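Trainee: I'd like to learn how to read a binding site. Can you walk me through this one?

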Amino acid sequence: MFDFQLLIETLIRGDIPKLTGLVKEALARGTPAQEILDNGLIAGMDIVGEKMENADMFIPEVLMSAKAMNACVEILKPLLGEQGLVAKGKVVIGTVKGDLHDIGKNLVAMMLASSGFEVYNLGVDRAPDQFVAEIKAKNADMLGLSALLTTTMPMMKQTIDAVVESGMRDQVKIMVGGAPVTQKFADEIGADGFAPDAGSAAKLAKALMK
Ligand code: B1M
């Protein structure tokens with residue numbers, strides 16, 4: 001059993017060389033990539049969140065942890081996800097306007113790509129009209145919206161409203177997610193689905209495309 005405690009502490013310190021070394025070591029010892037992600041990296045980011053909330057960690061430190069996490073996700077990327085699946089479709093995904101959080105959204109994008117979707121990742125802080133323009137440009141089948149702040153959740157509704165106004169609502173399925181988002185909220189704003197994590201987002205996307 002790999003010592004996830006050390007990995008978590010290293011993530012909290014934002015020590016990128018040591019953390020990537022530990023992830024490689026865990027893989028070399030046969031620890032599944034998904035386990036490293038769930039029990040090490042995501043568990044560590046939850047503690048970072050608590051520390052941030054209690055003012056035990058400040059933005060520059062949180063950013064270092066986020067960078068360290070992203071570096072490890074890059075290592076795990078080829079090993080995560082379901083291989084050989086045939087689900088197809090074009091997905092435009094991004095974090096809504098006013099919101100700069102992208103780690104979870106990038107994980108979702110990665111899972112979708114490894115499930116056979118063609119993914120257009122717009123990045124963070126994207127306005128409704130940017131999503132609409134990209135759906136149109138790529139003739140997308142699905143839109144994925146991410147929000148990590150309660151203050152930016154209403155922007156999901158504004159984005160969906162913009163898709164309705166563009167006349168393209170019938171051509172795109174809309175999936176929403178992010179820590180504060182719930183199924184109830186997704187229903188209220190007229191999304192087609194909500195997923196609590198990257199694994200279920202890929203499953204939901206496949207189900208929505210059927
Ligand atoms: Co921010 N932040 N942050 N932050 N941050 C949270 C979200 C917070 C909960 C921390 C806290 O106080 N406990 C809190 C939000 C409170 C709230 O509104 N409910 C918060 C705050 C307040 C803020 C600022 C306002 C702080 C400030 O400036 N005073 C500020 C806002 C900036 C802005 O966006 N405008 C801010 C800034 C930042 C950083 C820039 C420093 C950094 C982000 C760096 C980056 O993303 N590149 C940061 C971070 C890292 C966090 C925490 C610590 C970690 C987020 C994360 O990456 N989690 C976070 C606390 C926490 O969540 N524990 C916090 C790991 C990731 C894998 O999980 O993103 O939930 P998550 O994604 C999951 C699921 O949610 C789901 O699947 C993912 C993978 O399983 N999912 C989807 C996500 N998107 C989906 C889309 C889907 C489906 C599923 O379909 C399309």
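Mentor: Sure. Keep in mind that this is a predicted model. Start with who surrounds the ligand: helix 3 (33–53) gives the most to that shell, with six residues.

Trainee: Which other elements supply at least two residues of the shell?

Mentor: Besides helix 3, there are helix 4 (59–76), helix 5, strand 3 (142–146), strand 4 (173–177) and helix 9 (198–209). Domain 1 (4–82) and domain 2 (90–209) each put in at least three residues.

Trainee: How many residues surround the ligand, and which are the closest?

Mentor: There are 35, and the closest are Gly98, Leu100, His101, Asp102 and Ser146. Sorted by class, the shell holds 21 nonpolar, nine polar and five charged residues.

Trainee: What about the metal? Which protein residue is the donor to the cobalt atom?

Mentor: For a metal, look for N, O and S atoms within 2.8 Å. Here the protein offers a single donor to the ligand's cobalt, the NE2 atom of His101, 2.1 Å away. You'll find His101 in the loop between strand 1 (90–95) and helix 5 (103–114).

Trainee: And which backbone atoms should I check?

Mentor: Try Gly98, where a backbone N or O atom lies 2.9 Å from a ligand nitrogen. Then look at two ligand oxygen contacts: a polar backbone atom of Ala179 at 3.2 Å, and a backbone N or O atom of Ala198 at 3.1 Å.

Trainee: Where does the ligand sit in terms of pockets?

Mentor: The space it takes is the largest pocket.

Conventions:
Residues are numbered from 1 along each chain as its sequence is written. This is a predicted model: local features need pLDDT of at least 70, side-chain atom pairs count only at pLDDT 80 or more; totals for chains, interfaces and linings use all residues. Side-chain values use heavy atoms; hydrogens and water are left out. Donors are N, O and S atoms within 2.8 Å of the metal (3.2 Å for Na, K and Ca); water is not among the atoms, so sites may look incomplete. Helices (H or I, at least four residues) and strands (E, at least two) are DSSP runs, numbered from the N terminus. A residue is near a molecule or strand if one of its heavy atoms lies within 4 Å of it. A polar contact is a pair of N or O atoms within 3.5 Å; within protein, one must be able to donate a hydrogen and the other to accept it, and residues adjacent in sequence count only if both atoms are side-chain atoms. On a 1 Å grid over the protein atoms alone, a cavity is a set of points where a 1.4 Å probe fits but cannot get out, and a pocket is an open set with protein on both sides within 12 Å along at least five of seven lines; lining residues have an atom within 4 Å of a point. A molecule sits in a cavity or pocket if more than half of its atoms lie within 2 Å of its grid points. Ala, Val, Leu, Ile, Met, Phe, Trp, Tyr, Cys and Pro count as nonpolar, Asp, Glu, Lys and Arg as charged, and the others, Gly among them, as polar. Domain bounds come from an automatic or database domain assignment.
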